[in-house]
Amino acid sequence: MSMASSENKVLNNAQHFLECGNEGCIQNCQFYCDLCNRRMCEQCSDEHQKSPETKNHEIRPYHRGKSWHPIEKCRYHGDKVTDMFCEECQAPICAKCAIQDHHGHAFMDLETVYSEKVALCSAKISQINKFFIPTTQNQKTRLKEDAKEIKTYMDGLRTSMKTDAESLKRLVDMVLSKKMEESRDIEQSLIDSLDIQDKKYDDYISYLNNLKQELNSYSSKYTLSEMIFFVSDEKLRIKPIPKTKEPILPEFACSAGKACEEDITKLLLRLHLPDKEPNEREIPSMEEGVS
């Protein structure tokens, strides 16, 4: 048997065992829809052409279709192009490689492998657009809402402090002035903390946008071999959304009494932040965020 006929036999066998691209169908692929970018068996092709939504789509024999993946010369046989993927060696190969160095190995259609890698990039971009960016923006909105709540709460707290202090006249006014300044310092400290968390989300969104641009550039930036090697779910794992903590608002305890300034400070205008850990804001799971 000649080398050419051997190569044709390998290619035909690889195509023969390529399954239909419709979910649940395990028949051999015989046709291809360019518009849907889908492989089909004969039965699925007939149904595809009968459906009102897809009856005008162009269906063609699969082996005649143009390969849309990048054309790459075989690194071992320069006169050949890679047109198969060796599952055991995890590498694109040509028909001559299949005959000489990969005897008994299982092969996959190279177009299928490449499309899976492109689909993985698209899936990551979809996750960024549908979950990571919207969820992070929502966290930023919650930060702004917390800032408004702090302002409203602290305004109410200061009103209560003034009401109780007016009956104590100048002595209370003196203590009140100190405590008002303290409350503003606490408020500013809380707002500063929120600003820091907001900056974390800004940086994270910038990271997501950069990652999205990088993923978009992979198909033009990398060769076919590099695309298959570098693009994987493990290597493209997206960093989790940064966790932030909810602010702990100060408590204001009122007590009756009259005495010196120190006593009034201790009993009437005790302003402090509770000694407890702030709760972390909940971040929905990706399934909840995308649904």
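Does C94 count as buried or exposed, and at what relative accessibility? In this predicted model, C94 counts as buried, because its relative accessibility is 0%. That residue makes a convenient way into the structure, and the cysteines around it come up again below.

It helps to begin with how far the model can be trusted from place to place. The average pLDDT of the chain is 79, and 80% of the residues reach a score of at least 70. Confidence is highest in helix α2 (residues 42–50), with a mean of 91, and lowest in helix α1 (residues 3–16), where the mean is 43. Over residues 1–17 the pLDDT stays under 50, and for this stretch the model has 22 contacts beyond four places in sequence. The placement of that segment is therefore best read with its pLDDT, under 50, in mind.The helix with the highest confidence also shows a clear division between its sides. In α2, C44, S45 and H48 are buried. Viewed down the axis of α2, the buried residues fall within an arc of 105°, so they line one face of the helix. Turned away from that buried side is a face that carries the exposed residues Q43 and K50. The cover over the buried residues of α2 includes three strands, β1 (31–33), β2 (38–40) and β3 (59–61).

The largest nonpolar core has 39 residues, and L215 and Y218 touch the most other members. Helices α4 (110–165), α5 (169–221) and α6 (224–230) each supply at least two of the core residues. The largest share, 15 residues, comes from α4. Beyond its neighbours within four places in sequence, Y218 is in contact with C121, M227, V231 and L236. A second core, separate from this one, has 8 residues, including M84, C86, I93 and A98.

Now back to the cysteines. A search of the whole structure gives 0 disulfides. C94 takes part in no disulfide, and the nearest cysteine sulfur, at 3.6 Å, is that of C97. For C97, which is likewise in no disulfide, the nearest cysteine sulfur belongs to C74, 3.4 Å away. What is the relative accessible area of C97? The value is 1%, which means that C97 is buried.

Turning to charged side chains, the structure holds 12 salt bridges. One of them pairs D146 with R281, with 2.3 Å between the closest N and O atoms. D146 lies in helix α4, while R281 is in the loop between β8 (270–272) and α8 (286–290), so the pair ties together parts that are 135 residues apart in sequence. D146 is buried, at a relative accessible area of 15%, and R281 also counts as buried, at 4% relative accessibility.

Other pairs sit within a single helix. D155 and K151 form a salt bridge whose closest N and O atoms are 2.9 Å apart. Both residues lie in helix α4, with their positions 4 residues apart in sequence, or about one turn of the helix. D155 counts as partly exposed at 30% relative accessibility, and K151 counts as partly exposed at 39%. In helix α5, the side chains of K199 and D203 meet in a salt bridge with an N to O distance of 2.8 Å. K199 and D203 are 4 residues apart in α5, so about one helical turn separates them. An α-helix has 3.6 residues a turn, so residues three or four places apart point the same way. K199 is partly exposed, with a relative accessible area of 45%, and D203 is partly exposed too, with 40%. Salt bridges with shared partners also join K151, D155, R158 and E187 into one network.

A last local feature concerns the backbone. Where is Q90 found? Q90 is in the loop between β4 (84–86) and β5 (91–93). The phi of Q90 is near 55°, a positive value in a residue other than glycine. Most residues other than glycine have a negative phi. Q90 counts as exposed, at 53% relative accessibility.

Conventions. Residues are numbered from 1 along each chain as its sequence is written. Side-chain values use heavy atoms; hydrogens and water are left out. A nonpolar core is a set of buried Ala, Val, Leu, Ile, Met, Phe, Trp, Tyr and Cys residues joined through side-chain atoms within 4.5 Å. Buried means under 20% relative accessible area, exposed over 50%, partly exposed in between (1.4 Å probe, protein chains only). Contact means heavy atoms within 4.5 Å. A disulfide is a pair of cysteine sulfur atoms within 2.5 Å. pLDDT is the predictor's confidence in each residue, from 0 to 100. A salt bridge is a side-chain nitrogen of Lys or Arg within 4 Å of a carboxyl oxygen of Asp or Glu. The arc is that of the directions from the helix axis to the C-beta atoms.
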